[in-house]
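Student: I'm new to this one, and I'd like a close look at its charged side chains. Could you walk me through what each one pairs with, and what happens when a partner is missing?

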Amino acid sequence: MKLSLDTETRELTYTNDGSEKTVELYSKEAFEALSRHWVRLGWNMKHLYSFSWMGRPIIQLPDDMLRIQEVIFDLKPDVIVETGVAHGGSLIFYSSLCKAMDKGRIIGIDIEIRAHNRKAIEAHPLFDRITLIEGSSTAPETISQVKGLIKPGEKVLVILDSDHSYKHVAEELRLYSEMTSIGSYIVATDGIMNDLMDVPRGHAHWKEDNPTSAARDFAKTHSNFVVEQPKWPFNESELDQNITHWPGAWLRRLS
Ligand SMILES: C[S@@+](CC[C@H](N)C(=O)[O-])C[C@H]1O[C@@H](n2cnc3c(N)ncnc32)[C@H](O)[C@@H]1O
């Protein structure tokens with residue numbers, strides 16, 4: 001991608017799929033082209049590794065957290081299942097929302113919950129709504145533990161943030177989609193990998209080997225799910241696309 005920005009002529013020139021385009025700098029199109037590159041640069045700079053939520057590191061782009069907050073407030077799920085715990089920041093974030101709404105609990109799954117992380121998560125004042133499961137998210141024992149923690153009829157939101165390979169996410173989608181409630185979502189996070197194959201910390205195979213491809217293919221074979229960015233509850237701008245590390249992530253269950 002080539003970007004050339006001129007604040008005097010108020011123009012942005014960029015290449016998209018090989019063809020060059022010049023647009024008004026203060027336009028939706030320019031904002032989207034610049035944001036795309038900002039996200040790529042930020043990912044490479046580990047911008048997402050610079051935040052914490054109520055004391056725990058949270059490895060997320062803040063835009064994604066604000067957007068999922070909108071969905072959680074709208075859905076008010078009984079259970080939020082998240083694969084991929086790391087330092088526990090996202091679990092604490094979801095728990096803080098549940099506490100504020102006085103509704104919901106969280107199940108966090110990780111193949112390895114390091115002792116210092118477990119200690120800090122368990123000691124956190126918002127731990128009371130969280131259950132930790134250590135094991136691979138796709139292992140049969142893990143799936144039966146998760147299912148055992150969900151009561152019939154409960155509203156469930158699922159967030160997949162563990163191993164981001166196509167194969168693993170495809171398997172998680174197969175296993176966790178049946179736990180996802182109708183009207184709720186299963187979110188295959190971090191598909192931004194598909195746009196990072198040429199950045200210094202990226203990999204060429206990420207073009208197809210990523211969660212967005214897994215979500216796209218899952219929707220093709222499961223007509224009861226559709227890839228759909230949740231509507232913004234408030235929008236007085238002309239923008240309509242998330243600035244995100246989770247492109248094509250949101251699979252809404254229709255039936
Ligand atoms: C991106 S981090 C999770 C970040 C966390 N959700 C947050 O927002 O702060 C990914 C985590 O997935 C875990 N993981 C990798 N493979 C896994 C697997 N097969 N099953 C469960 N967890 C896995 C890693 O141990 C790592 O802690």
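Tutor: Let's begin with a term we'll need. A polar contact is a pair of N or O atoms within 3.5 Å, and within protein one of them must be able to donate a hydrogen while the other can accept it. Keep in mind that you're looking at a predicted model.

Now take Asp 161, which sits in the loop between β9 (156–160) and α6 (166–177). Asp 161 is buried, yet it has no salt bridge. Where is the nearest side chain of opposite charge? That's Arg 201, and it is 13 Å away. For a salt bridge, a side-chain nitrogen of Lys or Arg has to be within 4 Å of a carboxyl oxygen of Asp or Glu. What Asp 161 does have is polar contacts: its side chain joins that of Gln 60 at 3.0 Å, and it also makes a contact of 3.1 Å with the side chain of His 164.

Let's stay around β9 for a moment. Lys 155 is in the loop between α5 (140–148) and β9, and it counts as partly exposed because its relative accessible area is 31%. From Lys 155 to Ile 192 you go 37 residues along the sequence and 28 Å through space, C-alpha to C-alpha. Val 156 offers its backbone oxygen to the side chain of Ser 184, at 2.8 Å. Ser 184 itself belongs to the loop between α6 and β10 (185–188), and with a relative accessible area of 0% it is buried.

On to the charges that do find a partner. Side chains of opposite charge can pair when their charged atoms come close. Here the count comes to 20 salt bridges. One of them joins the side chains of Asp 102 and Arg 129, at 3.5 Å from N to O. Asp 102 is in the loop between α3 (89–101) and β7 (105–110), and Arg 129 is in the loop between α4 (115–123) and β8 (130–134), so this pair ties together parts that are 27 residues apart in sequence. The two ends sit in opposite settings: Asp 102 is exposed, at 64% relative accessibility, whereas Arg 129 is buried, at 19%.

Another salt bridge stays inside a helix. Arg 118 and Glu 122 have their closest N and O atoms 3.0 Å apart. They are four residues apart in helix α4, which means about one helical turn separates them. Both ends are partly exposed, with Arg 118 at 25% and Glu 122 at 39%.

You can also spot a bridge between Arg 216 and Asp 217, with N to O at 2.9 Å. Arg 216 is partly exposed there, at 34% relative accessibility. And some charges go beyond a simple pair: Arg 36, Arg 40, Asp 195 and Asp 198 are linked in a network of salt bridges.

Last, look at the surface for like charges. Asp 6, Glu 8, Glu 11 and Glu 24 gather there in a patch of negative charge. Residues in such a patch have no salt bridge. Among them, Glu 11 is part of strand β2 (residues 11–16), and at 35% relative accessible area it is partly exposed. Put that beside Asp 161, which is also without a salt bridge but is buried, and you have two settings to compare on your screen.

Notes:
Residues are numbered from 1 along each chain as its sequence is written. This is a predicted model: local features need pLDDT of at least 70, side-chain atom pairs count only at pLDDT 80 or more; totals for chains, interfaces and linings use all residues. Side-chain values use heavy atoms; hydrogens and water are left out. Helices (H or I, at least four residues) and strands (E, at least two) are DSSP runs, numbered from the N terminus. Buried means under 20% relative accessible area, exposed over 50%, partly exposed in between (1.4 Å probe, protein chains only). Patches are made of residues with over 30% relative accessible area and no salt bridge: like charges are joined within 9 Å, nonpolar side chains (Val, Leu, Ile, Met, Phe, Trp, Tyr) within 5 Å. Accessible areas come from the Shrake-Rupley method with a 1.4 Å probe; for residues, only the protein chains shown count as cover. Lys and Arg count as positive and Asp and Glu as negative; His and the chain ends are not counted. The place of a charge is taken as NZ of Lys, CZ of Arg, CG of Asp or CD of Glu.
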